[in-house]
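Q: I'm a first-year student, and I'd like a close look at the charged side chains of this protein and how they pair up. Please start with the overall fold, so that I know where I am.

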Amino acid sequence: MDASCEGATRCCVLHHCPSWAWQLPLSQDMETSLVPGDEDLNMEFNPSDHPRASTIFLSKSQTDVREKRKSLFINHHPPGQIARKYSSCSTIFLDDSTVSQPNLKYTIKCVALAIYYHIKNRDPDGRMLLDIFDENLHPLSKSEVPPDYDKHNPEQKQIYRFVRTLFSAAQLTAECAIVTLVYLERLLTYAEIDICPANWKRIVLGAILLASKVWDDQAVWNVDYCQILKDITVEDMNELERQFLELLQFNINVPSSVYAKYYFDLRSLAEANNLSFPLEPLSRERAHKLEAISRLCEDKYKDLRRPTRKRSASADNLTLPRWSPAIIS
């Protein structure tokens, strides 16, 4: 995963970041945060930093999923009309999404669904609403913001259209969508805020903006987003990015283990909501390709599986074979 300093230095607000933060290596296997004193955040329970912590969106979705299944059981309705495809001895069905190359369309759908559950099942008491994310104070368009803009939860389709528009116009990858969700949950945890109808668009925009710069080799500049969102200014984009980074405490590292966890949790979310990835029969060409990849990985790691020989052993633990006399009766 490309989370190197080279990608991070493209940030237009680089001068706001402490110099030590960009000098640390951002390797894939790094499991620690870039921020000194991060023990106060209890990283062990932060899903965006720790691979064993459960993702927030999956936890928030479980209540709705259980209610749906209960309602379908009580009303004797089938769980859905989606025709499932099952593998047999003669045909194997596989989807085209992998952890290294996710399916773009369905990954965006899953991320939009995760954001939907974040908004719907947010803290009922309400948390602090930061001004930089308030759409009434910083509108994304010149059209008048309705008085009840903070009262009605957006539908999953509305969130999907917003994210898909940005990804399509900026030509972003599916991997960037997963990193976007990681940054979004990290922001909610670090800043102790909730995503709600009043701020979801600007929070998602800030997460996409940052993820595209860290992940993609050819990042989209802030001025390019102004071409997509015609009514937003470059100064507003710069300020959004700067404050987003500060709220993340400049921790833009995404370990490969955390990325993989979010990918598989998104697949679990899709399965629980009947949002299945498209399945296709395994063709001969694809089977040969998978076999070649498997053989390559096997050759690469066979030395690691080979048991190491000890050059010396302690005489204390040395046991010699003992011969016992045979008794013939």
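A: Read from the beginning of the sequence to its end, the fold runs α-α-α-β-α-α-α-α-α-α-α-β-α. That adds up to eleven helices and two strands. Both kinds of element are DSSP runs numbered from the N terminus, a helix being H or I with at least four residues and a strand being E with at least two. The model is a predicted one, where local features need pLDDT of at least 70 and side-chain atom pairs count only at pLDDT 80 or more, while totals for chains, interfaces and linings use all residues. Residues are numbered from 1 along each chain as its sequence is written, and side-chain values use heavy atoms, with hydrogens and water left out.

One more idea helps before we zoom in. Of the protein's 329 residues, 42% count as buried. Buried means under 20% relative accessible area, exposed means over 50%, and partly exposed lies in between, using a 1.4 Å probe and protein chains only.

Now for the charged pairs. There are six salt bridges in the structure, each defined as a side-chain nitrogen of Lys or Arg within 4 Å of a carboxyl oxygen of Asp or Glu. Let's visit three of them.

Start with Arg-186 and Asp-49, whose side chains meet in a salt bridge at 3.3 Å, N to O. This pair ties together distant parts of the chain, 137 residues apart: Arg-186 belongs to helix H6 (residues 174–191), and Asp-49 to the loop between helix H2 (19–23) and helix H3 (56–74). Arg-186 has a relative accessible area of 0%, so it is buried. Asp-49 counts as buried too, at 9% relative accessibility.

Next comes the salt bridge between the side chains of Lys-213 and Glu-241, at 3.1 Å from N to O. Here the partners are 28 residues apart and again link distant parts of the chain, with Lys-213 in helix H7 (residues 200–215) and Glu-241 in helix H9 (residues 234–247). Lys-213 is buried because its relative accessible area is 2%, and Glu-241 is buried because its value is 1%.

Stay in helix H9 for the third example. Arg-242 forms a salt bridge with Glu-246, their closest N and O atoms being 2.8 Å apart. These two residues are four apart in the helix, so about one helical turn separates them. Arg-242 counts as buried at 18% relative accessibility, whereas Glu-246 counts as partly exposed at 35%. Through salt bridges that share partners, Glu-239, Arg-242 and Glu-246 are joined into one network.

Follow the chain past helix H9 and you reach a loop with two backbone angles to look at. Gln-249 lies in the loop between H9 and helix H10 (256–272), and its phi is near 55 degrees, a positive value in a residue other than glycine. Phe-250 lies in the loop between H9 and H10 as well, and it too has a positive phi, about 60 degrees, although it is not a glycine. Gln-249 is partly exposed at 28% relative accessible area, while Phe-250 counts as buried at 14%.

Charges also gather on the surface. Lys-105, Lys-157, Arg-161 and Arg-164 form a patch of positive charge there. Patches are made of residues with over 30% relative accessible area and no salt bridge, joining like charges within 9 Å and nonpolar side chains (Val, Leu, Ile, Met, Phe, Trp, Tyr) within 5 Å. Lys and Arg count as positive and Asp and Glu as negative, while His and the chain ends are not counted. Each charge is placed at NZ of Lys, CZ of Arg, CG of Asp or CD of Glu. Helix H5 (residues 156–170) supplies the largest share of this patch, three residues. Arg-164 is found in helix H5 and counts as partly exposed at 37% relative accessibility.

For contrast, look at a nonpolar surface patch formed by Trp-221, Val-223 and Val-234, with about 250 Å² of accessible area together. Such areas come from the Shrake-Rupley method with a 1.4 Å probe, and for residues only the protein chains shown count as cover. Val-223 sits in helix H8 (residues 222–228) and is partly exposed at 41% relative accessible area.
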